[in-house]
Amino acid sequence: MAKWQTKEQLTQLLCELVKIPSITGSLAEKQLPDYLTRQLQTLPYFQEHPEHLRTSPTDDGRHLVTALVKKAGKRDTVILVSHFDVVGVEDYGAWETHAFDPVELTSYFHAHQHELPADVQRDLRDGNWLFGRGTMDMKCGLALHLSLIEQACNGEFDGNLLLVTVPDEEVNSVGMRAAVPALLELSREFGLEYRTVLNSEPVFPRFPGDPSNYLYTGSIGKVLPGFLCYGKETHVGEPFAGLNGNYMASQLTCELELNTSFCEIVEGESTPPPTNLMQKGLKKEYSVQIPHRAVTLFNLFLLEKKMEDVVQPLLDAAQYAAERMVQTWTHQAEKFAGLSPFQPKPFSIQVMSYETLHDYALRTYGEEKLQALHASVLANRNDKDDRDLTIELVDQLAILCKELAPMIILFFAPPFYPAISSRHDPLIQRTVSELEAYALAKHKVKLVKQNYFGGISDLSYAGLQYPASSMQPLIRNMPLWNQGYSIPLQEMEDLKVPVLNLGPIGRDAHQWSERLDVDYAFDTLKAMLTHCIHTLFHNEKPSGHS
């Protein structure tokens, strides 16, 4: 008897998944894999082949789940990838206690429509929408993948399906980074040839009110460049005797925030401009000494740029900002000199990469000193996350080399998502073309191909578009690399599987009004995903393509 095939069955499954409050880093996130394995163990296939259903540990005590349905004599395999963690629910306010109960929350919103924004009222009026944290991002995708696995268990597909569902996509992608070596091991153990990694992240609008229904052949890349600003300490009564780190950071933020010269355009698709994610002074207590050390951290999206093409423009922007700081400081100092007997002293601000600072420290203070400094910071991590720990490593190195101040140091913090695109892959090209035709003819749905999924996804780790060696400019400027954070670059280079994302329609990811179009998800999309997998298996394999 079918378990996850009807709209009603899938809606119930989705509600059960959402009721597990698997916020990234929570106890529930650690418990959800047990629920999934128990559910999959009810399928006769996994009772007969228990070795095909596994949980694999990450390096921090969480687990990912893999479930392989193998067709006798077949090697071709489609990987179904999803994540089961969700973001927090503080934004729900008074409704927070109902955020993980889709039926109750949706009923409440129906009863209180007049209190909701106009677009939410419109959806409640015109469609079958289910509200709640994770309904669209992305437990719907996981529910649909479980449905596909059940179909595969019943012999639906002419090839193998491999479910891979992971924790921690929303923060550092610990789960997917651990999944890459696990996928290579599974391919060796069971003789699998991976055809495609199919994700079902929801459609993300490119602009407010975007009506398009996208099919993605890649996923956007992302780096987190930071600038540590080290000025010169002084008493607030003598501000021109020093240089305020907060002032330096603010000027850098003004230079980089929404700077469209950092936008990258590929075939008409543009990355959003950089935006600030963190800016703060590093003085730990109040005093009348100016905060002479500060940091500013940015989100920067990538498409086809190599890391070597990322570092220099960031240094150039910092250099330009530094020159403007000096000019402004000098102008104000000269004006102040007209108010009191004061002679401004000329100065400059050095701009350098973390790699350059590290090399200087190594030459000046020796390897033993640097290793001790590094070890001390890591040993006293406490509750610092990867961003704060990275900042602390750069800050301590800058303090050691304070004779170089005033200075601005460029570095990178985790996480890093490589951009990936399979738009030139013949199998993906043919599959997309057939899907577009099928969706229009059978469901009156116009799918619009987009080269890059803009919401950031675990597809980034399915392969590398450039050799692993091209990542050196990132690695050398990321203090936490191999010190608690890394990416399996060589394994990703070995894996290198084409990617595709076909997902549900939802609204307002990461907001209290997050909701899912149930009819589209569990009727139309379910049929399209089934057709997609048939197409991937039946399309002739391109020559030389594994």
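Six bridges join strand S12 (residues 275–281) to strand S13, and these two strands run antiparallel. The structure described here is a predicted model, and this briefing begins with strand S13 before turning to the nonpolar cores, a helix, two single residues and the cysteines. Ten of the ten residues of S13 (residues 293–302) are buried, so this strand is largely enclosed by the rest of the structure.

**Strand S13 and its partners**

- On one side S13 is joined to S12, where Thr-275 stands opposite Asn-299 of S13.
- Strand S9 (residues 221–230) also pairs with S13, again in the antiparallel sense, and this pairing extends over eight bridges.
- Within the pairing that involves S13, the bridge partner of Phe-227 is Thr-296.
- In a regular strand the side chains alternate between the two faces of the sheet.
- In S13, Arg-293, Val-295, Leu-297, Asn-299 and Phe-301 point one way, while Ala-294, Thr-296, Phe-298, Leu-300 and Leu-302 point the other way, and all of them are buried.

**The nonpolar cores**

- The largest nonpolar core has 79 residues, and those with the most contacts inside it are Tyr-194, Phe-227, Met-307, Leu-314, Ile-408, Phe-412 and Phe-416.
- Helix H9 (residues 308–337) gives the most to this core, contributing twelve residues.
- Apart from this core lies another one, of 76 residues, which includes Phe-46, Ala-152, Leu-163 and Tyr-520.
- When its neighbours within four places in sequence are left aside, Met-307 is in contact with Val-223, Leu-302, Phe-412, Phe-416, Ser-470, Met-471, Pro-473 and Leu-474.

**Helix H2 and what it packs against**

- Helix H2 (residues 27–40) has as its buried residues Ala-28, Glu-29, Leu-32, Pro-33, Tyr-35, Leu-36, Thr-37, Gln-39 and Leu-40.
- The helices against which these buried residues of H2 pack are H1 (7–19), H3 (44–48) and H6 (135–153).
- The buried residues of H2 also pack against strands, namely S1 (53–57), S2 (63–69) and S5 (160–166).

**Two buried residues, one in a helix and one in a strand**

- Gly-175 lies in helix H7 (residues 174–190), and this glycine is buried, with a relative accessible area of 0%.
- Not counting residues up to four places away in sequence, Gly-175 touches Thr-58, Leu-64, Val-166, Pro-167 and Asp-168.
- Gly-175 and Lys-283 are 108 residues apart in sequence, and from C-alpha to C-alpha they are 35 Å apart in space.
- Gln-450 has its place in strand S17 (residues 447–450), and this glutamine is buried, with a relative accessible area of 8%.
- Leaving out residues up to four places away in sequence, Gln-450 touches Arg-206, Tyr-214, Leu-215, Tyr-216, Thr-217 and Glu-269.

**Cysteines without disulfides**

- A search of the whole structure finds zero disulfides, a bond that would require two cysteine sulfur atoms within 2.5 Å.
- Cys-15 is buried, with a relative accessible area of 10%, and its sulfur is 11 Å from the closest cysteine sulfur, in Cys-140, which is too far for a bond.
- Cys-229 is likewise buried, with a relative accessible area of 0%, and its sulfur is 12 Å from the closest cysteine sulfur, in Cys-254, so this distance is also too far for a bond.

Conventions
Residues numbered from 1 in each chain as written. Predicted model: local features only at pLDDT ≥ 70, side-chain atom pairs only at ≥ 80, totals over all residues. Heavy atoms only, no water. Core = buried A, V, L, I, M, F, W, Y, C linked by side-chain atoms within 4.5 Å. Buried < 20%, exposed > 50% of the residue type's maximum accessible area, 1.4 Å probe, protein only. Helix = DSSP H or I, 4+ residues; strand = E, 2+ residues; numbered from the N terminus. Contact = heavy atoms within 4.5 Å. Pairing = 2+ DSSP bridges.
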